[in-house]
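Colleague: I should like to go through this structure step by step. May I put some questions to you about its charged pairs, its surface and its helices?

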Amino acid sequence: MPILVTDYSWTQTDSTVCLSVPLKGTKVSHVNILSTDEYLKVHYPPYLFEAFLFEPVDDNKSNVKVGDGVAVFSMPKRTNKVWEHLMTATNHKEKKKVRERSLLKYQENLCAQSILKAKQQHAEKKYALERMMKLEKEKKHCIQKIKTGEREKSTAELTAWKLRQKQRAEQEDQLKVHSQGHSRDGLQSTTEKQENGCSNGSGFKWDQISNSEAKSKSKQKDLPAPRLVGNIQVTFTLRLFPTALRESKVIEEEEWLKRQAEAGRNRTADVEELEDLKEEERNPYWLKDKGDKCFVTGDHLGAVYAYSLAIRLNRKIPALYSNRAACHLKLKNLHKAIDDSSQALYLLTPPVAANAAARTRANVRRGSAFCQLQLYAEGLHDYQAALKIEPDNEVLQADTQRIRDIIQRTAARC
């Protein structure tokens, strides 16, 4: 049952009625207003205000302003006179009829407005379509005009080029005819000169030949002797590391190579245990590849078993400990991951360029295990060591900064 609003206020002039309805703290979006020429309703649950107006008003010119906790109506009167009351005194049946009549009229107005709005939208779409068609037509006309101009221009250029080619061909024909006549006249004159001057010109030719031979001999005397031909042998020092010899630490690199050679020769498992294994299973590097495949497929326990068996065969290969630490991280065996990473870092000494990537991975895995144990200071130390090896690694930079932020927040709470 709605609560009827009675604390409204109204004023009037001969031509206008002003009505103020308090909204009692209700939001504007929750206020529902229905207005006709003889009925006014303001509904904002749980409150309801109804007014059966004393005289009809001009609903088309009426307006309402909702805000600051009040709804203010301004309704022009249809007849200029002073009302005795705001609402007419009618019985319940009359009020029901007025309410139904007003609601029907309100719905008709809404329907008419929607039809008018649809017509306006249709007219706007039609105008936009006509405008677009007109623009397309103008654009096509402009393009056709450009094409016609270019076609006429090309036709004129082609006609002019053909005319020039024709004139050039005529000129070449005339030159050929003229040159043929001159060549016949010149041939006759040369034959006559040869017959007349054969005896007089023989001594002159022999003098020219002797002078040319003397000049060529003098040029040959001025040339230097040719250079000797030989080969230059170039040898390079054999390097197993990517860095140049002048940038490397020779002592540390030799020690690292020695450790690697020992790791390749070392077997620490008992002979009796090896008898139960196949030939390929006795190779720690084969077992390492097997563990890598298990890790990729998500079989972390199988990978741990393969790496552990390889470590029993050879305890000097750092990659076995580092990869087993990665498996322990996946299995949440954090203390075992720290132990294997530490052993891998011990075997990855001395620090050289060849084991830089392996040292980075071992530091990151141990640091990740420390952070998961909430030992952020130790984890930050390992991440900083990895970042020192690869300072341009953006992922390492972001993880290191995240650990610093965690440490700072923890210190701030304390």
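**Charged pairs, surface and helices**

Modeller: Let us begin with one residue: aspartate 37 is buried, as its relative accessible area is 9%. Please keep in mind that this is a predicted model.

Colleague: Which residue meets aspartate 37 in a salt bridge of 2.9 Å, N to O?

Modeller: Side chains of opposite charge can pair when their charged atoms come close. Aspartate 37 lies in the loop between E4 and E5, and its partner belongs to helix H1, so the pair ties together parts that are 68 residues apart in sequence. At 2.9 Å from N to O, the partner in this salt bridge is lysine 105.

Colleague: Is lysine 105 buried or partly exposed?

Modeller: Buried means under 20% relative accessible area, and exposed means over 50%. Lysine 105 has a relative accessible area of 33%, so this residue is partly exposed.

Colleague: Which residues are linked with Asp37 in a network of salt bridges?

Modeller: The side chain of aspartate 37 also meets that of arginine 78 in a salt bridge, at 3.4 Å from N to O. This pair links distant parts of the chain, 41 residues apart: arginine 78 is in the loop between strand E8 (70-76) and helix H1 (92-196), and aspartate 37 is in the loop between E4 and strand E5 (39-44). The residues linked with Asp37 in the network are therefore Arg78 and Lys105.

Colleague: How far apart are the closest N and O atoms in the salt bridge of lysine 24 with aspartate 7?

Modeller: Lysine 24 is partly exposed, with 38% relative accessible area, and aspartate 7 is partly exposed as well, at 44%. A salt bridge requires the nitrogen to be within 4 Å of the carboxyl oxygen. In the pair of lysine 24 and aspartate 7, the closest N and O atoms are separated by 2.9 Å.

Colleague: How many salt bridges does a search of the whole structure find?

Modeller: The pairs discussed above include lysine 24 with aspartate 7 and arginine 78 with aspartate 37. When the whole structure is searched, the number of salt bridges found is ten.

Colleague: Which residues form a nonpolar patch on the surface with Val64?

Modeller: Valine 64 is located in strand E7, which covers residues 63-67. Its relative accessibility is 36%, so valine 64 counts as partly exposed. The patch has about 200 Å² of accessible area together, and the other residues in it are Val28 and Val66.

Colleague: Is alanine 51 buried or exposed?

Modeller: Alanine 51 is found in strand E6, residues 47-52. Its C-alpha atom is 6.5 Å from that of lysine 41, ten residues apart along the chain. With a relative accessible area of 0%, alanine 51 is buried.

Colleague: How is helix H6 arranged against H7, roughly parallel or roughly antiparallel?

Modeller: Two packed helices are described by the angle between their axes and the distance between the axes. The axes of H6 (residues 300-313) and H7 (residues 318-330) come within 9 Å and cross at roughly 155 degrees. Angles over 145 degrees count as roughly antiparallel, and H6 is therefore, relative to H7, roughly antiparallel.

Colleague: Is the crossing of H7 and H8 left-handed or right-handed?

Modeller: The axes of H7 and helix H8 (residues 334-347) come within 8 Å, crossing at roughly 160 degrees. At that angle H7 is roughly antiparallel to H8. H6 passes H7 in a left-handed crossing, and the crossing of H7 and H8 is left-handed.

Definitions and conventions. Residues numbered from 1 in each chain as written. Predicted model: local features only at pLDDT ≥ 70, side-chain atom pairs only at ≥ 80, totals over all residues. Heavy atoms only, no water. Patch = residues over 30% accessible without salt bridge, like charges linked within 9 Å, V, L, I, M, F, W, Y side chains within 5 Å. Areas by Shrake-Rupley, 256 points an atom, 1.4 Å probe, with all protein chains shown as cover. Helix = DSSP H or I, 4+ residues; strand = E, 2+ residues; numbered from the N terminus. Buried < 20%, exposed > 50% of the residue type's maximum accessible area, 1.4 Å probe, protein only. Axes fitted to C-alpha atoms, helices over the stretch in contact; angles between N-to-C directions. Parallel < 35°, antiparallel > 145°, perpendicular 65-115°, else oblique. Left-handed = near helix turned anticlockwise from the far one by under 90°.
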